[in-house]
Amino acid sequence: MIEQLRAEIEALRAQTRPLEPDAGQRRAFGEQALDHALAYWDQVEAASSNRPWSEVFAQRLDPEFTEEGRDAAAVLDYVRECVDAPGFATTSPRFMAYIPGGAVPYSAFGDLLAAASNKYSGFASASPGAVRIENACTQWLAEVIGYPKEAAGTLTSGGSIANLTAIVAAREARDPDGGGAVYVTRFAHYCIDKALHIAGRGRAPKRIVATDDHCRMSIEALEQALEQDRRAGVRPWLVVASSGTVDTGAIDPLPQIAELCRRYGAWLHADGAYGGLFALCDEGRALLRGIEQADSVALDPHKTLFLPYGTGAALVRDGKLLQQAFSASGEYIRPLGESEVGPSPADLSPELTRHFRAMRLWLPLQMAGVAAFRAAQAEKLALARYFHARLSEIDGWDPGPAPDLSVVAFRYLPKSGDVDQFNERLMQQIQQEGRVMMSGTKIDGSYRLRCAILSFRTHLEHVDDSIDAVVRGAEALGG
Ligand SMILES: *Cc1c(COP(=O)(O)O)cnc(C)c1O
(Lines give C-alpha, C1' and ligand atoms only; values in the text may rest on other atoms or scores of the structure.)
Protein backbone atom coordinates (compact mmCIF):
# COMPACT_ATOMS: atom_id res chain seq x y z
CA MET A 1 0.00 0.00 0.00
CA ILE A 2 2.68 2.49 1.05
CA GLU A 3 4.93 1.31 -1.79
CA GLN A 4 2.19 1.80 -4.33
CA LEU A 5 1.43 5.26 -3.00
CA ARG A 6 5.13 6.17 -3.21
CA ALA A 7 5.20 5.09 -6.83
CA GLU A 8 2.13 7.19 -7.65
CA ILE A 9 3.62 10.22 -5.90
CA GLU A 10 6.88 9.86 -7.77
CA ALA A 11 5.00 9.59 -11.07
CA LEU A 12 3.15 12.81 -10.29
CA ARG A 13 6.36 14.47 -9.27
CA ALA A 14 7.87 13.71 -12.64
CA GLN A 15 4.98 15.58 -14.24
CA THR A 16 5.58 18.68 -12.08
CA ARG A 17 9.10 19.09 -13.44
CA PRO A 18 8.25 22.12 -15.62
CA LEU A 19 7.42 24.07 -12.42
CA GLU A 20 10.99 23.74 -11.24
CA PRO A 21 13.28 24.87 -14.02
CA ASP A 22 16.88 24.08 -13.13
CA ALA A 23 19.54 26.76 -12.77
CA GLY A 24 20.39 26.65 -16.46
CA GLN A 25 16.75 26.90 -17.51
CA ARG A 26 16.11 29.76 -15.10
CA ARG A 27 19.05 31.65 -16.51
CA ALA A 28 18.05 30.95 -20.11
CA PHE A 29 14.48 32.16 -19.66
CA GLY A 30 15.62 34.99 -17.41
CA GLU A 31 17.88 36.27 -20.15
CA GLN A 32 15.13 36.00 -22.76
CA ALA A 33 12.64 37.81 -20.54
CA LEU A 34 15.19 40.50 -19.66
CA ASP A 35 16.04 40.97 -23.34
CA HIS A 36 12.34 41.36 -24.01
CA ALA A 37 11.98 44.08 -21.38
CA LEU A 38 15.19 45.83 -22.51
CA ALA A 39 14.01 45.82 -26.13
CA TYR A 40 10.71 47.28 -25.00
CA TRP A 41 12.42 50.09 -23.13
CA ASP A 42 14.72 50.72 -26.11
CA GLN A 43 11.80 51.51 -28.42
CA VAL A 44 9.72 53.61 -26.03
CA GLU A 45 11.26 56.94 -27.06
CA ALA A 46 10.65 56.48 -30.78
CA ALA A 47 7.41 54.50 -30.80
CA SER A 48 4.00 56.07 -31.22
CA SER A 49 1.99 56.79 -28.10
CA ASN A 50 -1.24 55.20 -29.30
CA ARG A 51 -1.24 52.17 -31.57
CA PRO A 52 -4.48 51.07 -33.19
CA TRP A 53 -5.42 47.70 -31.79
CA SER A 54 -7.04 46.61 -35.06
CA GLU A 55 -3.67 46.15 -36.78
CA VAL A 56 -2.51 43.80 -34.12
CA PHE A 57 -5.60 41.73 -33.67
CA ALA A 58 -5.69 41.12 -37.39
CA GLN A 59 -2.77 38.76 -36.83
CA ARG A 60 -3.80 37.62 -33.42
CA LEU A 61 -2.82 34.44 -31.77
CA ASP A 62 -5.21 33.20 -29.16
CA PRO A 63 -3.91 33.36 -25.61
CA GLU A 64 -4.50 29.62 -25.52
CA PHE A 65 -3.60 27.28 -22.71
CA THR A 66 -1.74 24.09 -23.56
CA GLU A 67 -1.19 20.98 -21.47
CA GLU A 68 2.47 20.80 -22.40
CA GLY A 69 3.51 24.45 -22.22
CA ARG A 70 4.89 26.46 -25.10
CA ASP A 71 8.20 27.50 -26.47
CA ALA A 72 9.63 30.57 -24.66
CA ALA A 73 10.22 32.54 -27.84
CA ALA A 74 6.62 31.97 -28.97
CA VAL A 75 5.27 33.09 -25.62
CA LEU A 76 7.39 36.25 -25.57
CA ASP A 77 6.47 36.97 -29.20
CA TYR A 78 2.84 36.78 -28.19
CA VAL A 79 3.41 39.30 -25.43
CA ARG A 80 5.26 41.64 -27.80
CA GLU A 81 2.69 41.50 -30.60
CA CYS A 82 -0.55 41.20 -28.73
CA VAL A 83 0.10 42.92 -25.41
CA ASP A 84 3.02 45.35 -25.64
CA ALA A 85 2.14 46.77 -29.05
CA PRO A 86 -1.58 47.62 -29.23
CA GLY A 87 -3.41 50.40 -27.45
CA PHE A 88 -2.02 53.27 -25.44
CA ALA A 89 1.72 53.34 -24.87
CA THR A 90 1.49 54.73 -21.36
CA THR A 91 5.29 54.52 -21.14
CA SER A 92 5.77 56.94 -24.05
CA PRO A 93 7.32 60.33 -23.27
CA ARG A 94 4.58 61.73 -25.52
CA PHE A 95 1.76 60.09 -23.57
CA MET A 96 -0.06 63.08 -22.07
CA ALA A 97 -3.58 61.69 -21.71
CA TYR A 98 -5.53 61.01 -18.51
CA ILE A 99 -2.90 60.99 -15.76
CA PRO A 100 0.35 59.51 -17.07
CA GLY A 101 2.83 57.73 -14.86
CA GLY A 102 5.40 56.04 -17.03
CA ALA A 103 6.68 53.17 -14.83
CA VAL A 104 10.30 53.67 -13.80
CA PRO A 105 12.27 50.56 -14.84
CA TYR A 106 13.74 50.05 -11.35
CA SER A 107 10.22 49.18 -10.18
CA ALA A 108 10.03 46.30 -12.63
CA PHE A 109 13.19 44.91 -11.04
CA GLY A 110 11.68 45.55 -7.61
CA ASP A 111 8.69 43.41 -8.58
CA LEU A 112 11.04 40.69 -9.76
CA LEU A 113 12.97 40.70 -6.50
CA ALA A 114 9.80 40.77 -4.39
CA ALA A 115 8.22 37.89 -6.28
CA ALA A 116 11.45 35.88 -6.31
CA SER A 117 11.79 35.73 -2.53
CA ASN A 118 8.01 35.99 -2.02
CA LYS A 119 8.48 37.52 1.40
CA TYR A 120 5.26 37.73 3.38
CA SER A 121 4.84 41.41 4.12
CA GLY A 122 1.68 41.17 6.23
CA PHE A 123 3.31 40.48 9.60
CA ALA A 124 6.73 41.27 10.99
CA SER A 125 7.05 37.78 12.45
CA ALA A 126 7.02 36.41 8.90
CA SER A 127 9.37 38.95 7.35
CA PRO A 128 10.72 41.69 9.60
CA GLY A 129 12.74 43.07 6.70
CA ALA A 130 9.79 43.34 4.33
CA VAL A 131 7.59 44.91 7.01
CA ARG A 132 10.33 47.35 7.92
CA ILE A 133 10.55 48.44 4.29
CA GLU A 134 6.74 48.75 4.03
CA ASN A 135 6.64 50.88 7.15
CA ALA A 136 9.63 52.94 6.06
CA CYS A 137 7.83 53.67 2.79
CA THR A 138 4.53 54.70 4.39
CA GLN A 139 6.42 56.80 6.96
CA TRP A 140 8.38 58.45 4.18
CA LEU A 141 5.16 59.23 2.31
CA ALA A 142 3.69 60.63 5.53
CA GLU A 143 6.72 62.89 5.96
CA VAL A 144 6.40 64.09 2.38
CA ILE A 145 2.82 65.15 3.17
CA GLY A 146 3.94 66.78 6.41
CA TYR A 147 2.15 64.35 8.73
CA PRO A 148 3.30 63.84 12.34
CA LYS A 149 4.97 60.66 13.61
CA GLU A 150 1.64 59.15 14.79
CA ALA A 151 0.43 58.89 11.21
CA ALA A 152 0.04 55.46 9.67
CA GLY A 153 -0.51 54.31 6.16
CA THR A 154 -0.98 51.38 3.90
CA LEU A 155 0.16 50.72 0.36
CA THR A 156 -2.83 49.90 -1.81
CA SER A 157 -3.28 48.83 -5.40
CA GLY A 158 -4.13 52.38 -6.45
CA GLY A 159 -5.93 55.61 -5.70
CA SER A 160 -9.44 54.16 -5.73
CA ILE A 161 -8.63 51.66 -2.99
CA ALA A 162 -6.65 54.31 -1.13
CA ASN A 163 -9.73 56.56 -1.11
CA LEU A 164 -11.90 53.63 -0.04
CA THR A 165 -9.49 52.74 2.76
CA ALA A 166 -9.47 56.31 4.06
CA ILE A 167 -13.25 56.60 3.83
CA VAL A 168 -13.69 53.40 5.83
CA ALA A 169 -11.37 54.84 8.50
CA ALA A 170 -13.45 58.05 8.45
CA ARG A 171 -16.65 56.03 8.77
CA GLU A 172 -15.39 54.04 11.76
CA ALA A 173 -14.03 57.17 13.45
CA ARG A 174 -16.88 59.60 12.83
CA ASP A 175 -19.95 57.92 11.37
CA PRO A 176 -20.21 54.39 12.75
CA ASP A 177 -24.00 54.47 12.86
CA GLY A 178 -24.57 56.40 9.65
CA GLY A 179 -26.60 59.52 9.04
CA GLY A 180 -23.68 61.95 8.65
CA ALA A 181 -23.47 64.15 5.56
CA VAL A 182 -20.78 64.18 2.87
CA TYR A 183 -19.46 67.28 1.09
CA VAL A 184 -17.74 67.14 -2.31
CA THR A 185 -17.47 69.29 -5.41
CA ARG A 186 -18.52 68.14 -8.84
CA PHE A 187 -14.86 67.78 -9.72
CA ALA A 188 -14.36 64.99 -7.17
CA HIS A 189 -13.11 61.82 -8.83
CA TYR A 190 -15.88 59.32 -9.45
CA CYS A 191 -14.07 56.73 -7.33
CA ILE A 192 -15.27 58.74 -4.29
CA ASP A 193 -18.87 57.79 -5.07
CA LYS A 194 -17.78 54.23 -5.60
CA ALA A 195 -15.94 54.22 -2.27
CA LEU A 196 -18.93 55.68 -0.42
CA HIS A 197 -21.11 53.01 -1.99
CA ILE A 198 -18.76 50.16 -1.05
CA ALA A 199 -18.33 51.61 2.45
CA GLY A 200 -22.10 51.41 2.93
CA ARG A 201 -22.53 55.18 2.76
CA GLY A 202 -23.81 55.48 -0.80
CA ARG A 203 -27.07 56.89 0.54
CA ALA A 204 -25.48 59.34 2.97
CA PRO A 205 -26.83 62.89 2.51
CA LYS A 206 -24.52 64.37 -0.09
CA ARG A 207 -23.89 68.05 -0.72
CA ILE A 208 -22.33 69.17 -3.97
CA VAL A 209 -20.44 72.27 -2.90
CA ALA A 210 -20.12 75.06 -5.48
CA THR A 211 -16.73 75.85 -6.99
CA ASP A 212 -15.07 79.15 -7.88
CA ASP A 213 -13.93 80.09 -11.37
CA HIS A 214 -10.74 78.06 -10.88
CA CYS A 215 -12.77 74.88 -10.25
CA ARG A 216 -11.84 75.01 -6.53
CA MET A 217 -14.23 74.37 -3.67
CA SER A 218 -15.84 77.61 -2.54
CA ILE A 219 -15.23 78.19 1.17
CA GLU A 220 -18.37 80.29 1.49
CA ALA A 221 -20.47 77.58 -0.12
CA LEU A 222 -18.94 74.89 2.12
CA GLU A 223 -19.54 76.92 5.24
CA GLN A 224 -23.12 77.54 4.17
CA ALA A 225 -23.75 73.84 3.57
CA LEU A 226 -22.21 72.85 6.91
CA GLU A 227 -24.20 75.49 8.77
CA GLN A 228 -27.43 74.55 7.04
CA ASP A 229 -26.95 70.91 7.98
CA ARG A 230 -26.09 71.68 11.54
CA ARG A 231 -29.22 73.78 11.89
CA ALA A 232 -31.31 71.04 10.35
CA GLY A 233 -29.85 68.50 12.78
CA VAL A 234 -27.79 66.67 10.15
CA ARG A 235 -24.29 65.87 11.39
CA PRO A 236 -21.47 66.88 9.04
CA TRP A 237 -19.38 63.71 8.61
CA LEU A 238 -16.96 63.88 5.71
CA VAL A 239 -15.53 66.62 3.50
CA VAL A 240 -13.65 65.30 0.48
CA ALA A 241 -11.25 67.93 -0.82
CA SER A 242 -9.33 67.55 -4.06
CA SER A 243 -5.58 68.00 -3.93
CA GLY A 244 -5.32 68.17 -7.69
CA THR A 245 -8.40 67.34 -9.76
CA VAL A 246 -8.06 65.10 -12.78
CA ASP A 247 -9.70 67.68 -15.05
CA THR A 248 -7.49 70.69 -14.42
CA GLY A 249 -5.26 69.93 -11.43
CA ALA A 250 -7.25 72.33 -9.24
CA ILE A 251 -6.37 72.21 -5.55
CA ASP A 252 -9.15 73.03 -3.10
CA PRO A 253 -8.23 75.64 -0.43
CA LEU A 254 -7.08 73.13 2.17
CA PRO A 255 -6.18 75.36 5.15
CA GLN A 256 -9.60 77.05 5.15
CA ILE A 257 -11.42 73.76 4.58
CA ALA A 258 -9.49 72.19 7.47
CA GLU A 259 -10.50 75.07 9.70
CA LEU A 260 -14.17 74.60 8.83
CA CYS A 261 -13.91 70.84 9.37
CA ARG A 262 -12.53 71.37 12.85
CA ARG A 263 -15.28 73.84 13.62
CA TYR A 264 -18.05 71.50 12.45
CA GLY A 265 -16.51 68.23 13.59
CA ALA A 266 -16.20 66.82 10.07
CA TRP A 267 -13.44 64.48 8.90
CA LEU A 268 -11.34 66.03 6.16
CA HIS A 269 -10.17 63.64 3.50
CA ALA A 270 -7.85 64.95 0.80
CA ASP A 271 -7.90 63.06 -2.48
CA GLY A 272 -4.32 63.57 -3.55
CA ALA A 273 -4.17 60.64 -5.93
CA TYR A 274 -2.89 62.88 -8.67
CA GLY A 275 -1.60 65.96 -6.88
CA GLY A 276 -0.70 64.99 -3.32
CA LEU A 277 2.79 63.70 -3.94
CA PHE A 278 3.86 66.93 -5.61
CA ALA A 279 4.48 67.88 -1.98
CA LEU A 280 7.90 66.32 -2.51
CA CYS A 281 9.10 69.37 -4.47
CA ASP A 282 9.23 72.90 -3.07
CA GLU A 283 6.76 74.43 -5.47
CA GLY A 284 4.27 71.61 -5.00
CA ARG A 285 4.57 71.79 -1.21
CA ALA A 286 3.69 75.47 -1.30
CA LEU A 287 0.64 74.78 -3.47
CA LEU A 288 -0.51 71.93 -1.23
CA ARG A 289 -0.15 73.85 2.00
CA GLY A 290 -2.74 72.56 4.46
CA ILE A 291 -2.77 68.97 3.20
CA GLU A 292 -1.01 68.01 6.45
CA GLN A 293 -4.14 69.12 8.33
CA ALA A 294 -6.36 66.59 6.54
CA ASP A 295 -7.41 63.61 8.66
CA SER A 296 -6.59 61.31 5.76
CA VAL A 297 -4.95 61.51 2.38
CA ALA A 298 -5.09 59.26 -0.68
CA LEU A 299 -1.96 59.16 -2.83
CA ASP A 300 -0.95 57.40 -6.02
CA PRO A 301 2.75 56.67 -6.35
CA HIS A 302 1.85 55.09 -9.70
CA LYS A 303 1.08 58.60 -10.88
CA THR A 304 3.19 61.23 -9.19
CA LEU A 305 6.17 59.02 -8.29
CA PHE A 306 6.14 57.52 -11.79
CA LEU A 307 5.76 53.89 -10.66
CA PRO A 308 4.02 51.13 -12.59
CA TYR A 309 0.28 50.69 -12.05
CA GLY A 310 -0.71 48.97 -8.86
CA THR A 311 0.73 51.36 -6.26
CA GLY A 312 -1.45 53.69 -4.22
CA ALA A 313 -1.29 54.73 -0.58
CA ALA A 314 -3.78 55.74 2.10
CA LEU A 315 -2.46 57.74 5.03
CA VAL A 316 -4.32 58.62 8.22
CA ARG A 317 -2.95 61.41 10.40
CA ASP A 318 -3.91 59.68 13.64
CA GLY A 319 -2.58 56.24 12.78
CA LYS A 320 -4.53 54.36 15.42
CA LEU A 321 -7.77 55.28 13.63
CA LEU A 322 -6.53 53.37 10.59
CA GLN A 323 -5.63 50.41 12.77
CA GLN A 324 -9.00 50.52 14.53
CA ALA A 325 -10.78 50.42 11.19
CA PHE A 326 -8.90 47.42 9.84
CA SER A 327 -7.44 45.21 12.51
CA ALA A 328 -9.55 42.23 13.43
CA SER A 329 -8.56 39.86 16.20
CA GLY A 330 -7.11 36.83 14.34
CA GLU A 331 -4.54 36.40 17.13
CA TYR A 332 -3.69 32.87 16.03
CA ILE A 333 -1.82 34.30 13.12
CA ARG A 334 0.64 36.31 15.23
CA PRO A 335 2.70 33.80 17.14
CA LEU A 336 5.53 36.21 17.82
CA GLY A 337 3.48 39.05 19.30
CA GLU A 338 4.14 42.76 18.78
CA SER A 339 6.71 43.75 16.24
CA GLU A 340 9.75 45.96 16.67
CA VAL A 341 9.52 47.29 13.16
CA GLY A 342 6.25 49.15 13.46
CA PRO A 343 2.65 48.12 12.81
CA SER A 344 1.79 45.05 10.83
CA PRO A 345 0.62 46.00 7.34
CA ALA A 346 -2.16 43.41 7.64
CA ASP A 347 -3.62 45.41 10.55
CA LEU A 348 -3.88 48.56 8.47
CA SER A 349 -5.53 47.17 5.38
CA PRO A 350 -8.47 45.00 4.33
CA GLU A 351 -5.91 42.65 2.78
CA LEU A 352 -4.15 39.83 4.57
CA THR A 353 -1.82 38.11 2.15
CA ARG A 354 -0.64 40.64 -0.37
CA HIS A 355 2.01 41.60 -2.84
CA PHE A 356 5.14 43.04 -1.22
CA ARG A 357 4.37 46.38 -2.86
CA ALA A 358 6.90 48.46 -1.03
CA MET A 359 9.78 46.90 -2.97
CA ARG A 360 8.71 48.62 -6.20
CA LEU A 361 8.67 51.98 -4.39
CA TRP A 362 11.73 51.48 -2.20
CA LEU A 363 14.09 50.15 -4.87
CA PRO A 364 13.83 53.11 -7.28
CA LEU A 365 14.16 55.55 -4.38
CA GLN A 366 17.32 53.72 -3.33
CA MET A 367 18.77 53.53 -6.82
CA ALA A 368 17.91 56.98 -8.19
CA GLY A 369 17.79 58.88 -4.91
CA VAL A 370 15.02 61.18 -3.74
CA ALA A 371 16.49 64.28 -5.41
CA ALA A 372 15.89 62.89 -8.89
CA PHE A 373 12.18 62.38 -8.13
CA ARG A 374 11.92 65.86 -6.66
CA ALA A 375 13.56 67.40 -9.71
CA ALA A 376 11.36 65.38 -12.09
CA GLN A 377 8.25 66.74 -10.38
CA ALA A 378 9.50 70.33 -10.54
CA GLU A 379 10.36 69.74 -14.21
CA LYS A 380 6.78 68.52 -14.95
CA LEU A 381 5.26 71.58 -13.28
CA ALA A 382 7.53 73.82 -15.32
CA LEU A 383 6.78 71.90 -18.53
CA ALA A 384 3.05 72.44 -18.03
CA ARG A 385 3.63 76.17 -17.62
CA TYR A 386 5.81 76.07 -20.73
CA PHE A 387 3.09 74.30 -22.76
CA HIS A 388 0.58 76.90 -21.58
CA ALA A 389 2.91 79.82 -22.37
CA ARG A 390 3.76 78.53 -25.84
CA LEU A 391 0.12 77.93 -26.75
CA SER A 392 -0.76 81.43 -25.49
CA GLU A 393 1.53 82.88 -28.15
CA ILE A 394 -0.08 81.11 -31.09
CA ASP A 395 -3.11 82.69 -32.76
CA GLY A 396 -6.39 80.88 -32.52
CA TRP A 397 -5.81 79.03 -29.26
CA ASP A 398 -7.53 79.42 -25.92
CA PRO A 399 -4.91 77.99 -23.55
CA GLY A 400 -7.32 77.97 -20.61
CA PRO A 401 -6.33 79.01 -17.11
CA ALA A 402 -2.67 78.82 -16.09
CA PRO A 403 -2.10 75.28 -14.79
CA ASP A 404 -2.35 74.66 -11.03
CA LEU A 405 -0.19 71.57 -11.38
CA SER A 406 0.75 69.73 -14.57
CA VAL A 407 -2.54 69.63 -16.51
CA VAL A 408 -3.47 72.20 -19.14
CA ALA A 409 -7.09 72.23 -20.37
CA PHE A 410 -7.11 74.09 -23.67
CA ARG A 411 -9.01 74.40 -26.93
CA TYR A 412 -8.86 75.81 -30.41
CA LEU A 413 -11.21 78.65 -31.37
CA PRO A 414 -12.12 78.15 -35.02
CA LYS A 415 -13.24 81.23 -36.95
CA SER A 416 -16.54 79.58 -37.76
CA GLY A 417 -18.53 76.49 -36.85
CA ASP A 418 -19.15 74.70 -33.59
CA VAL A 419 -16.25 75.10 -31.17
CA ASP A 420 -16.94 71.91 -29.18
CA GLN A 421 -17.33 69.79 -32.30
CA PHE A 422 -14.11 71.15 -33.73
CA ASN A 423 -12.18 70.34 -30.58
CA GLU A 424 -13.62 66.84 -30.28
CA ARG A 425 -12.54 66.18 -33.86
CA LEU A 426 -9.18 67.70 -33.08
CA MET A 427 -8.67 65.28 -30.25
CA GLN A 428 -9.60 62.32 -32.46
CA GLN A 429 -7.20 63.59 -35.11
CA ILE A 430 -4.34 63.80 -32.61
CA GLN A 431 -5.08 60.38 -31.15
CA GLN A 432 -5.28 58.78 -34.58
CA GLU A 433 -2.00 60.30 -35.63
CA GLY A 434 -0.53 58.63 -32.55
CA ARG A 435 2.51 60.84 -32.17
CA VAL A 436 1.21 62.50 -29.03
CA MET A 437 -1.55 61.11 -26.86
CA MET A 438 -4.00 63.50 -25.20
CA SER A 439 -7.50 63.17 -23.83
CA GLY A 440 -10.45 65.53 -23.42
CA THR A 441 -12.88 66.75 -20.84
CA LYS A 442 -15.87 69.05 -20.48
CA ILE A 443 -15.53 72.07 -18.24
CA ASP A 444 -18.61 74.20 -17.65
CA GLY A 445 -20.22 72.51 -20.61
CA SER A 446 -17.45 73.30 -23.08
CA TYR A 447 -15.15 70.71 -24.54
CA ARG A 448 -11.43 71.00 -23.88
CA LEU A 449 -8.36 69.00 -24.71
CA ARG A 450 -6.18 68.03 -21.81
CA CYS A 451 -2.42 67.95 -21.92
CA ALA A 452 -1.36 66.12 -18.75
CA ILE A 453 2.39 66.05 -18.21
CA LEU A 454 3.53 63.51 -15.66
CA SER A 455 5.79 60.91 -17.22
CA PHE A 456 9.35 61.00 -15.91
CA ARG A 457 10.36 60.50 -19.56
CA THR A 458 8.62 63.68 -20.76
CA HIS A 459 11.09 66.50 -21.38
CA LEU A 460 11.24 69.78 -23.28
CA GLU A 461 11.45 68.27 -26.78
CA HIS A 462 8.37 66.10 -26.15
CA VAL A 463 6.34 69.13 -25.10
CA ASP A 464 7.55 70.93 -28.24
CA ASP A 465 6.38 67.85 -30.15
CA SER A 466 2.98 68.11 -28.51
CA ILE A 467 2.64 71.78 -29.53
CA ASP A 468 3.52 70.80 -33.11
CA ALA A 469 0.98 67.97 -32.99
CA VAL A 470 -1.93 70.13 -31.85
CA VAL A 471 -1.09 72.89 -34.35
CA ARG A 472 -0.76 70.30 -37.15
CA GLY A 473 -4.07 68.77 -36.09
CA ALA A 474 -5.92 72.08 -36.14
CA GLU A 475 -4.48 72.88 -39.59
CA ALA A 476 -5.53 69.48 -40.93
CA LEU A 477 -9.09 70.25 -39.81
CA GLY A 478 -9.00 73.56 -41.66
CA GLY A 479 -8.41 75.71 -38.60
C1 LIG B 1 -6.36 58.65 -10.52
C2 LIG B 1 -7.20 59.27 -9.51
C3 LIG B 1 -8.03 58.50 -8.70
C4 LIG B 1 -8.20 57.02 -8.89
O5 LIG B 1 -6.99 56.35 -8.68
P6 LIG B 1 -6.66 54.95 -9.38
O7 LIG B 1 -5.23 54.75 -9.07
O8 LIG B 1 -6.95 55.11 -10.84
O9 LIG B 1 -7.54 53.93 -8.75
C10 LIG B 1 -8.74 59.15 -7.71
N11 LIG B 1 -8.67 60.46 -7.54
C12 LIG B 1 -7.89 61.25 -8.31
C13 LIG B 1 -7.83 62.72 -8.06
C14 LIG B 1 -7.12 60.67 -9.32
O15 LIG B 1 -6.33 61.44 -10.07
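In this predicted model, the ligand is surrounded by 14 residues, and the closest of them are G159, S160, D271, D300 and K303. Sorted by class, this shell comprises seven polar, four nonpolar and three charged residues.

Three side chains place polar atoms at short listed distances from the ligand. In S160, an N or O atom of the side chain is 2.6 Å from an oxygen atom of the ligand. The side chain of D271 has a polar atom 2.6 Å from a ligand nitrogen atom. For K303, the partner is an oxygen atom of the ligand, and the distance from a polar side-chain atom is 2.7 Å. On its own the ligand has 380 Å² of accessible area, and the protein covers 84% of this.

The shell can also be read in terms of secondary structure. Two helices, α7 (159-174) and α12 (301-304), each contribute at least two residues to the surroundings of the ligand. Of the elements involved, α7 provides the largest share, namely three residues.

From the ligand, α7 leads the reader to a second helix, α13, which spans residues 319-326. The axes of α7 and α13 are 9 Å apart, and the two helices pack at an angle of about 90 degrees. Angles from 65 to 115 degrees count as roughly perpendicular, and α7 and α13 are therefore described as roughly perpendicular to each other. On the α7 side, the contact is formed by T165, V168, A169, E172 and A173, which meet L321, L322, A325 and F326 of α13. The residues of this contact comprise seven nonpolar, one polar and one charged. Thus α7 takes part both in the shell around the ligand and in the packing against α13.

The backbone deserves attention at two loop positions. One is F306, in the loop between α12 and β9 (312-316); α12 is also one of the helices that supply residues to the ligand shell. F306 is not a glycine, yet its phi is positive, at about 65 degrees. The other position is A103, located in the loop that runs between β2 (87-88) and α5 (105-117). Here too the residue is other than glycine, and phi has a positive value near 70 degrees.

How values were computed
Residues are numbered from 1 along each chain as its sequence is written. This is a predicted model: local features need pLDDT of at least 70, side-chain atom pairs count only at pLDDT 80 or more; totals for chains, interfaces and linings use all residues. Side-chain values use heavy atoms; hydrogens and water are left out. A residue is near a molecule or strand if one of its heavy atoms lies within 4 Å of it. A polar contact is a pair of N or O atoms within 3.5 Å; within protein, one must be able to donate a hydrogen and the other to accept it, and residues adjacent in sequence count only if both atoms are side-chain atoms. Accessible areas come from the Shrake-Rupley method with a 1.4 Å probe; for residues, only the protein chains shown count as cover. Helices (H or I, at least four residues) and strands (E, at least two) are DSSP runs, numbered from the N terminus. Ala, Val, Leu, Ile, Met, Phe, Trp, Tyr, Cys and Pro count as nonpolar, Asp, Glu, Lys and Arg as charged, and the others, Gly among them, as polar. Axes are lines fitted to C-alpha atoms, for helices over the stretch in contact, and angles run from 0 to 180 degrees between N-to-C directions. Angles under 35 degrees count as roughly parallel, over 145 as roughly antiparallel, 65 to 115 as roughly perpendicular and the rest as oblique. Contact means heavy atoms within 4.5 Å.
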